[in-house]
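Here is a set of short questions and answers. Each one asks how a label is earned.

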Amino acid sequence: MGFIAVLGSGLLALVASDPAGVGDAYYPGYGNAGIDVLSYELDLTIEPSANALKGVAAIRMRATSDLSLFHLDLVGLDVDAIEVGGEAATFDRDGRELRITPARAIAADSEVDVLVRYHGEPEVVPDPAVPVEGVGWFWNGDAIWVMSEPGGSAGFFPCNDHPLDKALFSFRVRVPRPLQAVANGKLVELLEEEDARTYVWSARDPMATYLVTIAIAEFDSETWTSPSGLEITNWFTKKSRESSRKAFQKTDEILEYFSSAFGPYPFEIAGNILTNARVPGALETQTKPVYGAGTGTEEVIAHELAHQWFGNAVCVEDWNDIWINEGVAEYAAWMYLESQEGAEAFAKKLKETYAMARAMKATPPGHMTVRQMFGAAVYLRGPFALHFLRRQLGDERFLALMRRWMSDHLHGNASLEDFLALVDELGGKDARAALDPWLFDESMPSVAEWDAYVEERRKDQEARRALREAERAEREALRKAQQAEEDAKKNTPKPEEPAKDGASGESKPDKPSDGR
Ligand SMILES: [Zn+2]
């Protein structure tokens, strides 16, 4: 589409000239030009009772141009010292930007180690797309949860905080007993001390910074191996209720379904982290999605696990590509529902979501603002783009397209434009005609059979409203009648009341009679 092509050429100009930011359409200051991080080794000592963090970030990076200065993103916290290539570097701060001047310039294409020592109390990072809760590091007195999409990771470690720069991660997290520390990937080492434990986690595959999670709490965990040989661990904070853990038993079935539909599960390990905290919803953090209190339903779990394919293994290039994460993961979750509960439940899901999207006047997911990024456009309207593409292609060709999408971009990034190009290639004009109106038309396309349902629902709601109104009027009339009766009683002298002594000079006050 022309619209996206115009934005694309704007990006290149920004990348070339400004080290602060990669020119993202929604978050132009996020990420940093001139560098490509290869790996992060985070060594963190955390005291949750005081929300105190002491960290060493060892970052291996490649210069993508000659650099006499480069930036990382970091919000809050105090930087104690920075070394580049083993030599002390100077640095200063400007908002999110940590500006680093190495002792000697770095030549394009060379690799260098950057060591950042820092400490402080991490805070939630404000975000226009998550205006109420913010994103990143959530501390609630004795536990810590991390949900960073889109820019919260810079709130607890210095990083190139944009999905374009995926890197390898390992974590060394020291916490006081009896707390435990969980992070992405596999637990490779556990060091025991008298008062503390150090958990060493390592993730095999590249990961975008926003998908990093660290969870610190007391956990009950359960580990098993799926029929296809995948190790799965669910981590439940001890404070979570037994009933809230139940749906996580479905993890196997959900992963098996997505593997058969979209290709093999992309990572070395799987699982979920259930908090008991009021964090913003749930997030698909890589290999271990995190769930806020009350969000661990089968449908939400399916959505977050679908993201392991759509969003994590294949990740947006720019935050305005968000439909390829959210719209696609949500439709995949609907397909799982269809596989479990059948055609009728699926049809009900479609028409109810359509009605909701209509009522909320969902904007086109291909033309949004940053504030609409996690709203009705992608979650309610967005999945229909895939649904009508699937109807046009038939299941076999649709699933082949989705598997090709995975294999073309596995462990990399892709854009909405890339998805459209693939639809052009494999589906042609008719496929685009089915997909495009849901993504780009200003008003949402109409579907006659669902419009009939919307109309029925509207009439039904109107009838219920009228009934409620009639009941209310009836109650009000009854109340008035009772009041009138009581007032009438008060005006009538009671027979057992002694007669007033006229000699006292008191007289009965006049009361207006009822009805005036
Ligand atoms: Zn999602």
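Q: How many residues of domain 2 are in contact with residues of domain 3, and what makes it a contact?
A: This is a predicted model. In it, 18 residues of domain 2 are in contact with 19 residues of domain 3. Contact means heavy atoms within 4.5 Å.

Q: Where do the domains run, and what separates the centres of domain 2 and domain 3?
A: The domain assignment gives domain 1 as 35-217, domain 2 as 218-308 and domain 3 as 319-445. The centres of domain 2 and domain 3, taken over C-alpha atoms, are separated by 23 Å.

Q: Which residues coordinate the zinc ion, and what makes their atoms donors?
A: His 303 and His 307 each use NE2, and Glu 326 uses OE. These atoms sit at 2.0 to 2.1 Å. A donor must be an N, O or S atom within 2.8 Å of the metal, so these atoms qualify. Water is not among the atoms, so a site may look incomplete.

Q: How are the donor residues of the zinc ion spaced in sequence?
A: The pattern is H-x3-H-x18-E.

Q: Are His 303 and His 307 buried or exposed?
A: His 303 is buried, and His 307 is too. That label calls for under 20% relative accessible area.

Q: How do you know that the span of helix α6 agrees with its number of residues?
A: Helix α6 covers residues 376-393, which is 18 residues. At 1.5 Å a residue it should span 26 Å. Its end C-alpha atoms are 26 Å apart, so the two values agree.

Q: Where does α6 bend, and what follows?
A: The bend is about 35°, at Gly 382. A proline, Pro 383, follows within four residues.

Q: What makes α6 mostly covered?
A: Of its 18 residues, 15 are buried. Just after α6 comes Gly 394, with a positive phi of about 85°.

Q: Why is the pair of Glu 87 and Arg 104 called a salt bridge?
A: The closest N and O atoms of Glu 87 and Arg 104 are 2.7 Å apart. The cut-off is 4 Å, so the pair counts. Glu 87 lies in strand β5, and Arg 104 in the loop between β7 and β8, so the pair ties together parts that are 17 residues apart in sequence. A search of the whole structure finds 30 salt bridges.

Q: Why is Arg 104 called exposed, and Glu 87 partly exposed?
A: Arg 104 has a relative accessible area of 58%. Exposed means over 50%, so Arg 104 earns the word. Glu 87 has 30%. Partly exposed lies between 20% and 50%, so Glu 87 belongs there.

Q: What does the salt bridge of Glu 193 with Arg 174 tie together?
A: The closest N and O atoms of this pair are 2.8 Å apart. Glu 193 is in the loop between β13 and β14, and Arg 174 is in strand β11, so the pair ties together parts that are 19 residues apart in sequence. Glu 193 is partly exposed at 33% relative accessibility. Arg 174 is partly exposed at 32%.

Q: Where do Asp 408 and Arg 404 lie?
A: Both lie in helix α7, residues 395-409. They are four residues apart, about one turn of the helix. Asp 408 forms a salt bridge with Arg 404, with the closest N and O atoms 3.0 Å apart.

Q: Why is the peptide bond joining Glu 149 and Pro 150 of interest?
A: It is a cis peptide bond, with omega of about 5°. Pro 150 is in the loop between β10 and β11. The bond from Arg 177 to Pro 178 is also cis, with omega near 0°. Pro 178 lies in the loop between β11 and β12.

Q: Why is Leu 77 called buried, and His 411 partly exposed?
A: Leu 77 has 11% relative accessibility, and buried means under 20%, so the label fits. His 411 has 21%, so it counts as partly exposed. Leu 77 has a positive phi of about 65° although it is not a glycine. His 411 is not a glycine either, and its positive phi is about 60°.

How values were computed
Residues are numbered from 1 along each chain as its sequence is written. This is a predicted model: local features need pLDDT of at least 70, side-chain atom pairs count only at pLDDT 80 or more; totals for chains, interfaces and linings use all residues. Side-chain values use heavy atoms; hydrogens and water are left out. Donors are N, O and S atoms within 2.8 Å of the metal (3.2 Å for Na, K and Ca); water is not among the atoms, so sites may look incomplete. Buried means under 20% relative accessible area, exposed over 50%, partly exposed in between (1.4 Å probe, protein chains only). Helices (H or I, at least four residues) and strands (E, at least two) are DSSP runs, numbered from the N terminus. The expected span of a helix is 1.5 Å times one less than its number of residues. The bend at a residue is the angle between axes fitted to the seven residues ending there and the seven starting there. A salt bridge is a side-chain nitrogen of Lys or Arg within 4 Å of a carboxyl oxygen of Asp or Glu. Domain bounds come from an automatic or database domain assignment.
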